Number of protein chains: 2
Amino acid sequence: MKVVALAGGVGGAKLADGLARVLKPAELTIIVNTGDDFSHFGLRICPDLDTVCYTLAGMANPQTGWGRKDETWNVMEHLREIGAPTWFNLGDRDLATHLERTRRLAQGERLSEITRQFCDLWGIQCSVMPMSDDQMETWVETMEAGWIPFQEYFVLHRCELKVKGFEFRGREKARPAPGVMDAIQKADSIIVCPSNPWVSITPIVEVPGIMEEITRSDAIRIAVSPIIQGKTIKGPAAKMYAEMGIQPSATTVARHYSSWIHGFVMDVLDQQERDDVMRLGVEVLLTDTIMTDVEKRVELAQAVLEFSEKLSREIVKS
Amino acid sequence: MKVVALAGGVGGAKLADGLARVLKPAELTIIVNTGDDFSHFGLRICPDLDTVCYTLAGMANPQTGWGRKDETWNVMEHLREIGAPTWFNLGDRDLATHLERTRRLAQGERLSEITRQFCDLWGIQCSVMPMSDDQMETWVETMEAGWIPFQEYFVLHRCELKVKGFEFRGREKARPAPGVMDAIQKADSIIVCPSNPWVSITPIVEVPGIMEEITRSDAIRIAVSPIIQGKTIKGPAAKMYAEMGIQPSATTVARHYSSWIHGFVMDVLDQQERDDVMRLGVEVLLTDTIMTDVEKRVELAQAVLEFSEKLSREIVKS
């Protein structure tokens, strides 16, 4: 079985980790959003790639979901002392990642190669790849401050500004990273992790060629709702829907993806929305989607994979 | 009295510190070599500027002469863990300087402005300025490895390669930093600190316009020998002379500068060379030039300033 997971940050990383614990390494490819990537202090920072890799390697901070466990903050403290901006957290361990990635990029290495080498180093056996080696930057249009880069919206302004829309700058020139199209083509199952539909999943499928390859593939396509009871566990997805005049709910997410998914996984807490989602022409799996520990990640991964196999059998039959 | 000091790294920083302890802040301008500056891990690193500033601020590591006291090495340790190059030491405190400087440069601020702001922050009251805001990079021609950037010669190869020559890349387009020409013009005394003549002082005077301004000025021009008993306290100046077929000695240094200095300060240990230097048409001050502690820095600074005043009176008389 070949599985492709599309993932953003913390929520996506958790399900990706569950999948990596259930599948054989060769069976899993994780394609990660790099629309959030940005340059800060001259360093190239890839928040979602790092969150996914740190999580898969067991190196993530379990309290925050992002950053490293056993992190120290010496440089950050010294930056504060000299009046440098400290709105983006840079731990000492995390900084080593950013420094080495920046050094290699400056030498002409591709982000996808560097990511693969970091994975080797950190004992990550499945394939993790950026959606693209090219820069395609998510910008957020806000009521209060106009267009701003995603990290400024997300971290500097703590998602407090009202969202009007999104733009992926550099999209026209972006190409899928090596391996991305091949993985999609060979996939039996494509799983959209419970990541932010607007700023984690959309950038991935907006890389020219990727959506076409997804819809052309024979893979069963399943999305997992990041919204439970109208709220997210983490991140601004629900707030974004509301600000754009859309009632945030699991159904809303299902509608977001309904043109290209076969199945939708939503939390048992939202079972009253089951029929609404089914009416979108999408099969539904109701299950516990809140991944409070590693066992829950594994259980959700298993449930999603079983749902995919069930849909696969039904589609073959029909 | 207006004094300009030309300085490179550790030795230059020590005399600059002595001068700063003797003169009033408005009396002293320190022009620092930036030929050693380089980009590493995406960060702009200015070793001599940092050494001078850390020394003046009392923040330098007294054991090494470079870097910060009370330094920690967390990021360096994590860089080592991921197989990144660790030949250039990057302490956690020092990294904050590099990060913030890089961030400000990327925003279009000039190195001279950033340096001034760091000085304000660190309580440095005299003027410290880079020789230029433009990049003018010292490259070293070596027997074994051909042309290499200075930091690779100096740190990566620990000065072990044999030197054939030097080149200052970007020299044609480099302009003196704001304030440099004015300080030289107004100087009563220009003091060449005991820094490496080849790679610390020559880059400064090779910035187009600086040497012309120095020789046009009425200032008394004095150089302090970095070579004592044929050796340096620190750094490869003596080794460089020897490799280029020149016997390293105080006289050799005096000859290096003889076309544009009035006075030369050499160590009492080299008193037998006094007449050789005088024969170059240069006045000589024999004194203790080894700056083992802060008091010695002050004593040497006082001796150099008195020597300058003496020469000034003599030149006026003649």
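**Figure 1. Contact between chain A and chain B in the predicted model.** The contact draws 21 residues from chain A and 21 residues from chain B. On the side of chain A that touches chain B, two or more residues come from each of α3 (74–81) and α4 (92–106) of chain A. The element that gives the most to this side is α4(A), with nine residues. Sorted by class, the side of chain A that touches chain B has 11 nonpolar, six polar and four charged residues.

**Figure 2. Symmetry axis relating chain A and chain B.** A turn of 180° with a shift of 0.0 Å along the axis lays chain A on chain B, with an RMSD of 0.0 Å. The two copies are therefore related as by a two-fold rotation axis. Gly42(A) has the C-alpha nearest the axis in chain A, at 2.8 Å from it. Both copies use the same surface: 100% of the contact residues of chain A recur in chain B.

**Figure 3. The largest nonpolar core.** This core has 198 residues, and those with the most contacts inside it are Ala5(A), Ala16(A), Ala5(B) and Ala16(B). The core lies between domain 1 (3–59 + 111–136 + 178–317) and domain 2 (137–171) of chain A, because both domains give residues to it. In soluble globular proteins, nonpolar side chains tend to be buried together.

**Figure 4. Surroundings of Ala5(B).** Neighbours within four places in sequence are left aside in this view. Ala5(B) is in contact with Leu15(B), Ala16(B), Leu19(B), Leu28(B) and Ile30(B), and also with Ile191(B) and Cys193(B). One of these partners, Ala16(B), is listed with Ala5(B) among the residues with the most contacts inside the largest nonpolar core.

Key
Residues numbered from 1 in each chain as written. Chains lettered and ligands numbered in written order. Predicted model: local features only at pLDDT ≥ 70, side-chain atom pairs only at ≥ 80, totals over all residues. Core = buried A, V, L, I, M, F, W, Y, C linked by C-beta atoms within 7 Å. Buried ≥ 20, exposed ≤ 12 C-beta atoms within 10 Å, placed from the backbone. Domains from an automatic or database assignment. Contact = placed C-beta atoms within 7 Å. Least-squares fit on C-alpha atoms with pLDDT ≥ 70 in both. Helix = DSSP H or I, 4+ residues; strand = E, 2+ residues; numbered from the N terminus. Nonpolar A, V, L, I, M, F, W, Y, C, P; charged D, E, K, R; others polar.
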